[in-house]
Amino acid sequence: MTLKIYNTLNNKKEEFIPIKDGEVKMYVCGPTVYDLSHIGHARSAVSFDVVFRHLKRLGYKVTYTRNYTDVDDKIINRANKEGVQSIEIANRFILAFDKDMADLGVELPTHRPRATETIEEMIALIEKLTDKGFAYSAGGDVFFRVRAFKEYGKLSGKNIDDLESGARVEVDGKKEDPLDFALWKSSKPGEPAWDSPFGSGRPGWHIECSAMCLQLLGESFDIHGGGKDLIFPHHENEIAQSEAATGKPFARYWLHNGFVNIEKEKMSKSLGNILNIRDALKDYSPECIRLFLLSSHYRSPIEYGPGTLKEAEAKAERFYRTIERIKKEVPSAFTTAPDKELLRDATAAITAALNNDFNTAEVIGLVFKKIAEANRILDSNKADAKKDLTIILGFFKEAGAVLGLFQKEPEDYFKLLKGRVSLSEEEIERLIQERNTAREEKNFKRADEVRDELKEKGIILEDTPEGTKWTVS
RNA sequence: GGCGGCGUACCCAAGUGGUUAAGGGAGCAGUCUGCAAAACUGUCAUUCAGCGGUUCGAAUCCGCUCGCCGCCUCCA
């Protein structure tokens, strides 16, 4: 059973073979920190978080680097607007991003470089490109000579001549060719600037990632990821710069996650239909959002909306309800070790699904198959229920660990939901008491009124042998 | 115009050559309940946008048609 990965370089699913046996080096483009991160960033981070976790689970020693682009026009613009230094903006949104990632249960990558920590490497890289004839200075800027790199377009499948004819040009008289892109930009007064052999200035966007990859992962590494929108020009340019400079293949596997759409349209800053992670978290739990993101394959587009998110919430609830039930009816299943061999057989399906280009949706499907199975076992009062349940719980533990889901105690999950209700717990308890009194008096009309009132506020009552419980709809 | 992707039930969504097309949501029927809720059981696509082709065999491969989307400009 080998890992297969869809590689944008060939548009094919390929067997994954790392450069160095047992080790994986991967790089994922992180955010440009000029604003709060949105659900699209969350999708990328969560998708590659699962890639990271699965690779580790397979036994690889993984070095995962995700950068922060902390020098950029947009950061400068925002800084100017607020009358503060760029670095202040960058710092603020790096903190915000880190918090959002933590909320979403995204593991910390091995390295989280900031672009500005690698300026020296960028300058060295640009010099190298200039020496080799791949770059040229022009009026304080330095550009990459796209036509000098013969393989330009190999990632995005574009043809240089087609690009040129269809170019919605950004006219820059300093360029030899409209396709050439900036490696180094001269700075205007007040902008962040570094001294360099080409004059005082700052790096272009693409060169940052190349420099950070080269510094932290080496000239050639295994996996490079990012959103689909980065394929061109960003990743194409990274390849061009890096391979032109080193003469060696850059990343071997290029993975790209699909977009998050809102009302069928791509969510993006330029369209202005963005939803930031924090606002999403006001409506849905982090687990619900993560479950939503992982319920489809990472390359497919997904639709963010009340329908899909409510479904994710229903799934999470179904999961924790069953765990709660096992906890109540067969608590010893949690403290008994599962049979190793049986567990291994059961969890092989998780590996198989994730080995198929990280098919998280299938894993989630498997989880719910087990949920139904667990409920059936509980209903049946089978003699060996405990043994079967330990396997199922073991399965959940494995699936949950690699997906970053299903790891809470059910009480904590439901407590989280209950926190969203407008009534106080005391008030709810009082109403439940009132209803139960009515029920004892066979005053079912009043009892049902109370239940309906609560339902309107999103509170669902359940009468169980242990008394009346409430949950949130 | 160039390049890439998608179209699976009421909705979301796996499946990418081979037994009865995962899973979730919604619906319907039953068990349970004062009635509900939750849970369980049963039911819910002879069919995978359409039309051809390859094959013993296709949702899965190939071609065409229709529809949708993305990239080609900063963007996860």
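The paragraphs below go through the helices, cores, sheets and unusual backbone points of a predicted model.

A convenient place to begin is helix 9, which spans residues 286-294. Eight of its nine residues are buried, so helix 9 is largely enclosed by the rest of the structure. The buried residues are Glu 287, Cys 288, Ile 289, Arg 290, Leu 291, Phe 292, Leu 293 and Leu 294. Charged residues are thus found in this list beside nonpolar ones, including Glu 287 and Arg 290.

One neighbour of helix 9 is helix 1, residues 39-57. The axes of these two helices come within 10 Å and cross at roughly 75°. An angle from 65 to 115 degrees counts as roughly perpendicular, and helix 1 and helix 9 are therefore roughly perpendicular to each other. On the side of helix 1, the residues in contact are Ile 39, Ala 42, Arg 43, Val 46, Asp 49, Val 50 and Arg 53. They meet Arg 290, Leu 293 and Leu 294 of helix 9. By type, the residues of this contact comprise six nonpolar and four charged, with no polar ones. The spacing along helix 1 can be read against a general rule. An α-helix has 3.6 residues a turn, so residues three or four places apart point the same way.

The nonpolar cores come next. In soluble globular proteins, nonpolar side chains tend to be buried together. In this model the largest nonpolar core has 83 residues, and Tyr 304, Phe 319, Val 367 and Phe 396 have the most contacts inside it. Helix 14, residues 385-403, gives the largest share of this core, 10 residues. What does Phe 396 touch? Leaving aside residues up to four places away in sequence, Phe 396 touches Phe 319, Ile 323, Val 367, Lys 370 and Ile 371. Phe 319 and Val 367, touched by Phe 396, are also among the residues with the most contacts in the core. A second core, separate from the largest one, has 42 residues, among them Val 146, Tyr 152, Ile 160 and Leu 183.

Two sets of strands can be followed next. Strands of a sheet pair through backbone hydrogen bonds, either parallel or antiparallel. Three strands form an open sheet in the order 12-11-13, with mixed pairing. Its edge strands are strand 12 (265-266) and strand 13 (302-304), each of which pairs on one side only. Strand 11, residues 260-262, runs antiparallel to strand 12 and is joined to strand 12 by two bridges. In that pair, Ile 262 stands opposite Glu 265. Elsewhere, strand 14 (residues 459-464) and strand 15 (residues 467-472) run antiparallel and are joined by six bridges. A hairpin of two residues connects strand 14 to strand 15. Across this pair, Ile 460 stands opposite Thr 471.

A few backbone points remain. Most residues other than glycine have a negative phi, and most peptide bonds are trans. Asn 11 has a positive phi of about 55° although it is not a glycine. Asn 11 lies in the loop between strand 1 (4-7) and strand 2 (12-15). Asp 357 also has a positive phi, near 55°, and lies in the loop between helix 12 (340-355) and helix 13 (360-380). Is Asp 357 buried or exposed? Its relative accessible area is 0%, and buried means under 20%, so Asp 357 is buried. Finally, a cis peptide bond joins Phe 232 and Pro 233, with omega about 0°. Pro 233 lies in helix 7, residues 231-246.

Key
Residues are numbered from 1 along each chain as its sequence is written. Chains are lettered from A and ligands numbered from 1 in the order in which they are written. This is a predicted model: local features need pLDDT of at least 70, side-chain atom pairs count only at pLDDT 80 or more; totals for chains, interfaces and linings use all residues. Side-chain values use heavy atoms; hydrogens and water are left out. Axes are lines fitted to C-alpha atoms, for helices over the stretch in contact, and angles run from 0 to 180 degrees between N-to-C directions. Helices (H or I, at least four residues) and strands (E, at least two) are DSSP runs, numbered from the N terminus. Angles under 35 degrees count as roughly parallel, over 145 as roughly antiparallel, 65 to 115 as roughly perpendicular and the rest as oblique. Contact means heavy atoms within 4.5 Å. A nonpolar core is a set of buried Ala, Val, Leu, Ile, Met, Phe, Trp, Tyr and Cys residues joined through side-chain atoms within 4.5 Å. Buried means under 20% relative accessible area, exposed over 50%, partly exposed in between (1.4 Å probe, protein chains only). Two strands pair if DSSP finds at least two bridges between them.
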